[in-house]
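This report describes how secondary-structure elements are arranged in a predicted model. Please keep the structure in view while reading.

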Amino acid sequence: MSGVAGAFLCASSEPSSRVIDQLKKMIPTLALRGQAGVAVSAFMQERGIRYGRAFQSNDNSVRIDGIEQDPRFRPHVAIAQIRSGGDDCDVQSIPIRHFAISLDGALVNAHELRSELLSQGPLIDANTDAELLLRWIERSCEREYWRHGLPADYEAIFRELDDRIDGAISALLLDKNGDLVAYRNRSGLRPLETMRASNGLLLFASENCAFAGLEGETQQLLPGSIQRVDAKTGGRVDHTLNSRGCKAKLCAYETLYLGSPNTSVEGHSHRQTRHNIGLALGRFVAERLQADPLLIPPIVSSMPNTGGPYADGLFESLAEQGVLAERSDVVATQFLERTLLGRAGARQSRIAQKYRVSEPAVAKRTIIVVDEALIRGDTSKAVTTMLLAAGAKAVHWAIGSPPIVAPHYYGMGIDTLDELAFWQALKRLPPELRAQCLRFHRMDPPALKIIESNIATAIQAATITYLPFRAFVSILANRLEGIDLSPFTLEMPTPAGRQRADRNLEAVLAALPVNTRLRSAS
């Protein structure tokens with residue numbers, strides 16, 4: 001869970017401060033992808049690559065230590081990696097002699113790649129996926145090209161790499177000559193956008209919200225391809241890597257949670273999609289409220305910082321169906337950092353520090369908290385506890401997605417089934433009900449209500465209302481083939497991901513008090 005950005009000056013051979021200035025404008029727009037730090041690498045002819053770190057102030061202004069302090073260092077290209085938190089988060093730049101890289105995503109088969117590199121010789125500084133990829137690329141260059149006095153053939157290098165890795169990778173690679181290579185692997189789970197701006201800059205970013213206010217030609221880098229930009233001419237060449245295998249799909253978390261509301265993908269606005277989900281979700285919430293009317297209208301509150309469009313849509317939907325409610329955000333954050341990543345203890349501490357509630361507003365009121373997903377349940381439980389402690393009469397949760405039933409090995413830090421709220425609830429069910437719920441996205445409405453009730457009890461909420469899978473896919477119907485729905489189906493989008501998920505599922509089912517066979521999920 002991170003983001004990348006890059007700026008390359010094509011219009012002039014003269015060094016310029018415009019590259020760094022543009023990068024500093026792009027970094028805040030991608031802040032929702034990670035708040036643990038921003039690593040920056042920049043290149044200037046005859047001065048090579050320099051590495052720095054960006055810091056963002058409350059007013060969104062950015063300074064880049066290690067690069068900006070030298071006014072004579074005016075690079076023609078710079079890249080940034082916006083890092084999220086986590087136990088292995090390293091916000092330093094990742095230089096390995098001849099390269100620097102900015103990476104979004106994760107490798108599922110990192111262990112196999114590391115073992116292969118170790119068989120070729122000692123491996124230093126390859127603890128993260130980014131370092132591992134850099135080592136792999138560097139060794140390929142040394143073995144096939146540099147020792148023979150040849151320039152690196154990045155098309156061949158990345159074609160082999162794309163055939164070998166399993167996971168979700170979008171990356172910007174800066175080499176010792178100032179050439180830039182943008183890469184998106186075959187799975188397509190992580191996006192990568194480019195723009196040829198009218199101001200002479202070629203721009204790269206995880207999301208096109210980073211190009212706001214600029215004019216120019218935009219396009220997505222296709223899955224299984226690279227774009228190479230020549231340092232001397234500024235010319236760019238696209239190469240399709242001709243990879244075969246899994247069909248490219250964008251991760252559902254991009255639309256639901258990770259991407260900025262200001263981003264659009266192939267003309268589909270995240271903000272509008274989330275609003276439409278809220279509208280659909282409101283119809284199910286209205287049914288519950290009409291079955292048990294409240295004397296005082298409930299307060300509809302979003303979870304910051306991406307829940308606003310969901311809550312707006314839900315509130316509008318309630319009004320259309322004649323259900324009185326108030327729209328007011330009674331949950332606020334003290335800082336932006338996501339609390340999804342990291343070990344349980346560290347997450348709990350950050351959650352307790354992050355969220356605050358408006359005590360006067362919630363006293364003796366029923367609160368409907370609207371969120372995009374309920375993953376582990378630790379954040380929702382903490383917020384429920386805070387609201388009840390502040391005097392709320394009851395807390396209901398409205399979730400803009402179906403139940404999350406699957407780990408996510410592709411950069412979201414969700415590694416096991418056991419940590420998910422769905423599986424914790426399922427363990428408490430008798431075998432006959434457990435089998436119904438193991439149909440996952442195909443479970444019947446009564447089974448979904450059982451899961452909702454059990455998770456609500458676990459987080460001390462009055463109720464939980466999920467958006468049923470069929471309603472969810474109907475909103476995405478016209479682009480469903482291009483979205484990975486594995487969080488709701490447990491059908492992983494890559495071979496190594498499927499093998500890992502199958503092992504995880506078998507282990508969890510075998511450990512249940514009464515064994516439920518795998519065929520129960522079919």
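## Helices α3 and α4

At what angle do α3 and helix α4 (residues 154–164) pack, and how far apart are their axes? The angle between α3 and α4 is about 135°, and their axes lie 11 Å apart. That makes α3 oblique to α4, and the crossing of these two helices is right-handed.

On the α3 side, the contact is made by Leu-133, Trp-136, Ile-137, Ser-140, Cys-141 and Arg-143, which meet Ile-157, Phe-158, Glu-160, Leu-161 and Arg-164 in α4. Sorted by class, this contact of α3 with α4 comprises seven nonpolar residues, one polar residue and three charged residues.

## Helices α2 and α3

Helix α3 (residues 129–144) also packs with helix α2 (residues 110–120), at an angle of about 40° and with the two axes 11 Å apart. The helices α2 and α3 are therefore oblique to each other, and their crossing is left-handed.

From α2, the residues Ala-110, Leu-113, Arg-114, Glu-116, Leu-117 and Gln-120 meet a set in α3 that consists of Asp-129, Leu-132, Arg-135, Trp-136, Arg-139 and Arg-143. By class, the contact of α2 with α3 has five nonpolar, one polar and six charged residues. Trp-136 and Arg-143 of α3 appear in this contact with α2 and also in the contact with α4.

## Helices α6 and α7

The axes of helix α6 (residues 270–291) and helix α7 (residues 308–320) come within 6 Å and cross at roughly 45°, which makes α6 oblique to α7. The crossing of α6 and α7 is right-handed.

Among the α6 residues in this contact are Ile-277, Gly-278, Leu-281, Gly-282 and Val-285, while those of α7 include Pro-309, Tyr-310, Gly-313, Leu-314 and Ser-317. By class, the contact of α6 with α7 has 10 nonpolar, five polar and five charged residues.

## The open sheet and helix α1

Eight strands form an open sheet with antiparallel pairing, in the order β4-β3-β2-β5-β1-β11-β10-β12. The edges are occupied by β4 (62–65) and β12 (216–220), each with a single partner strand, so one side of each is left without a neighbour in the sheet. Neighbouring strands are turned against each other by 20° on average, direction ignored.

At the β4 edge, strand β3 (residues 48–56) and β4 pair in the antiparallel sense over four bridges, and Phe-55 stands opposite Arg-63 in β4. Helix α1 (residues 18–29) packs on the sheet, touching β1 (2–9), β2 (37–44), β3, β4, β5 (77–83) and β11 (201–205), and the direction of α1 makes about 155° with that of β1.

Notes: Residues numbered from 1 in each chain as written. Predicted model: local features only at pLDDT ≥ 70, side-chain atom pairs only at ≥ 80, totals over all residues. Heavy atoms only, no water. Axes fitted to C-alpha atoms, helices over the stretch in contact; angles between N-to-C directions. Parallel < 35°, antiparallel > 145°, perpendicular 65-115°, else oblique. Left-handed = near helix turned anticlockwise from the far one by under 90°. Contact = heavy atoms within 4.5 Å. Nonpolar A, V, L, I, M, F, W, Y, C, P; charged D, E, K, R; others polar. Pairing = 2+ DSSP bridges.
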